[in-house]
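Hi,

Here's the structure I promised to pass on. Have a look at it first, and my notes on what turned up are underneath.

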Amino acid sequence: MEKTTSIKISTIESGLANLKGDLLIAFLKDQIKLGNELKKLDEEINGSLNSYIESNYFKGEQGELKSIFINKKGLKNIFLLGLGEENKFDLRILTTLIADATKKLRSNGAKDLSIFLESFNTGKFRQEDIVEKIALSSLMGLYNFTDYKTKDKDKIKYINQITLITNNQNDFNKEMEYASVVADAVNKTRDLINTPPNIATPEYIADYAVALSKGNNIKCKIFDDKDIEKLKMGCFIGVAQGSITKPRFVILEYYGLDEKQTEVFVANKDLG
């Protein structure tokens, strides 16, 4: 399987004054004001951010996304994202907003995007949860399957780097690793679904399952057409007869850290 374009994502403890590329910040509808770090940044860009907000161009409505062209000291654009009303804002809404915003910013040509974490912290959630949700929704929201695109490939836009900026000294490696693993698993599943059936044949899926099981504490068993017939899987065989490719039935068993505990996953895909 071809690998989709990867996105580098990381967290750094840093101020905003020396940023390069594009910056995403967020405000609740009723709390559109600059904190200390944003005030420092605004001084560096001659008050452009405060002037834009005071002119009432940005309302803070949920999902509202406005851009301010800066192009000073390496910072190209500042994007303002509305979080909506504070009493309605939750982590589910955060996930949706980040996924939608990053897709829009990619379409606008953003390549190196910094996200100011503190602007998303309303005090209701742990910073670790905010980091995890932003990282996960960014990586999943920016999924783009282009493996078999043949025209205008040079016009496809990508965000190559996302940096989560924080003034918190906490170590967010655990949250970032979790987000990367989950997003990678989901996006690889999307790749399988989007791969044309003349390529993603039953044998292809079976080989993929074998490769997936190696080194992951997963036991993999593949049943070919003869095994399936011996098991008298009539319905499965009936569906498979409509295809020129021979069927495969895959069993993946994951034992986790405790070999006495088995996790069962059931996936339904037309392999016939």
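A quick word on terms before the findings: buried means under 20% relative accessible area, exposed means over 50%, and partly exposed is anything in between, using a 1.4 Å probe and protein chains only. By that yardstick R126 is partly exposed, at 48% relative accessibility.

Some housekeeping too. This is a predicted model, where local features need pLDDT of at least 70 and side-chain atom pairs count only at pLDDT 80 or more, while totals for chains, interfaces and linings use all residues. Residues are numbered from 1 along each chain as its sequence is written, and side-chain values use heavy atoms, with hydrogens and water left out.

Now the salt bridges, meaning a side-chain nitrogen of Lys or Arg within 4 Å of a carboxyl oxygen of Asp or Glu. There are seven of them in the structure. R126 is a good place to start, since a network of salt bridges links it with E128 and D129. With D129, the N to O distance is 3.1 Å; with E128, the closest N and O atoms are 3.7 Å apart. What about the accessibility of the two acidic partners? E128 is buried, at 19% relative accessible area, whereas D129 comes out as partly exposed at 23%.

Another salt bridge joins the side chains of K188 and D184, at 3.3 Å from N to O. Both residues sit in helix α5 (residues 173–194), four residues apart, which is about one turn of the helix. Helices here are DSSP runs of H or I with at least four residues, strands are runs of E with at least two, and both are numbered from the N terminus. K188 is partly exposed, with a relative accessible area of 34%, and D184 is also partly exposed at 34%.

One last residue to look up is L252, which is part of strand β8 (residues 249–254). Which residues does L252 touch, leaving aside those up to four places away in sequence? The list is A209, L212, S213, I218, K219 and C220, where contact means heavy atoms within 4.5 Å. L252 itself is partly exposed, at 30% relative accessibility. If you want a distance to try in your viewer, the C-alpha atoms of L252 and N194 are separated by 22 Å, and the two residues are 58 apart along the chain.

Cheers
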